[in-house]
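Trainee: Got a minute for this one? I'd like to go over the helix packing and then the cores.
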Amino acid sequence: MREAALEDLGELIASFQGSYRTGPDVGTGPEDMVVLRRFSPYAYCAPQEHGGTGNSGGPTAAGVLAALRAGARQVFGDASCTGRTVVISGFGSVGSGIAAGLAAEGAHVVVSDLDASRKEMALVSGYGWVEPGQALSAPADIRVPAAVGGVLDDVTVPQITARLVVGPANNQLTEERVADVLAERGIVWVPDYVASAGGIAYALSRESEGYSHEAAQKRVEDIGDTVTRILDLALATGTTPLRAAQQIAERRLASPAS
């Protein structure tokens, strides 16, 4: 049943002839990309033995860390997370990578996951644990949504104690206007599609553009510079980071060579 569904998806992707490209996300992984690649070359992150770059969790986590440091620089005046409390919702391949990176920098890391079996792994790794229902309101300097989307709305935003929210979960806002609600409460939110771009930036750089590992990693690290431009523009124009990101994207689309 799963393989048949993937085959149907592969045929659909092939019909777009490269105008639509895909990679693994929640519920899928590198092995699933092998099935899709039977139909189209535009399925990324298959295992290396099948011509892909493998699990995108590492580059995605690296991109989030770059975005997080850029956000911390604006919010706290220092990109270092040493001594700061960071609550991460979602302790999967990306969330655990973010946790490890932050802990190495000296942050106090607290994690949460709907899968209770991950609690022991978190505690053994030296992290704090908070139950999912209490994660949003747990005391924190920084919140990292690293699971499913749709977590920020009129009910949940007032519960957030952190001044900075940045994470890889897709579609975090239930509506675009929630970006204004966050800003009104003095919370800096880095748009999810920017923070989560490391995995696809790395895969496209390696698999489509022929970049070396080092050059692709540099492109992932450059996410931090992009976040800085977004937050600087938002501050200078009195708008939200979401609108600032949209403005930058619109300018790039209008002038692709710029």
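Mentor: Sure. A definition before we start: axes are lines fitted to C-alpha atoms, and angles run from 0 to 180 degrees between N-to-C directions. Keep in mind that this is a predicted model.

Trainee: Okay. At what angle do α10 and α11 cross?
Mentor: Roughly 115 degrees. α10 covers residues 223-237 and α11 covers 241-254, and their axes come within 8 Å.

Trainee: Why is that pair called roughly perpendicular?
Mentor: Because angles of 65 to 115 degrees count as roughly perpendicular, and α10 and α11 cross at roughly 115.

Trainee: Left-handed or right-handed?
Mentor: The crossing of α10 and α11 is right-handed.

Trainee: Which residues make the contact?
Mentor: From α10, Arg229, Ile230, Leu231, Leu233 and Ala234. From α11, Pro241, Ala244, Ala245, Gln247, Ile248, Arg251 and Arg252. By type, that contact has 8 nonpolar residues, 1 polar and 3 charged.

Trainee: New topic. How many residues has the largest nonpolar core?
Mentor: 42. Ile88, Ile98, Leu102, Val111, Ile142 and Leu164 have the most contacts inside it.

Trainee: Which element gives the most to that core?
Mentor: α3, with 9 residues. Elements giving two or more include β1 (85-89), α4 (93-104) and β2 (108-112), and also α10 and α11.

Trainee: What does Ile88 touch?
Mentor: Leaving out residues up to four places away in sequence, its contacts include Ile98, Leu102, Val111, Arg143 and Val144.

Trainee: And what lies apart from this core?
Mentor: Another core, of 20 residues. Val130, Leu152, Ala162 and Trp189 are among them.

Note on methods:
Residues are numbered from 1 along each chain as its sequence is written. This is a predicted model: local features need pLDDT of at least 70, side-chain atom pairs count only at pLDDT 80 or more; totals for chains, interfaces and linings use all residues. Side-chain values use heavy atoms; hydrogens and water are left out. Helices (H or I, at least four residues) and strands (E, at least two) are DSSP runs, numbered from the N terminus. A crossing is left-handed if the near helix is turned anticlockwise from the far one by less than a right angle, and right-handed if clockwise. Contact means heavy atoms within 4.5 Å. Ala, Val, Leu, Ile, Met, Phe, Trp, Tyr, Cys and Pro count as nonpolar, Asp, Glu, Lys and Arg as charged, and the others, Gly among them, as polar. A nonpolar core is a set of buried Ala, Val, Leu, Ile, Met, Phe, Trp, Tyr and Cys residues joined through side-chain atoms within 4.5 Å. Buried means under 20% relative accessible area, exposed over 50%, partly exposed in between (1.4 Å probe, protein chains only).
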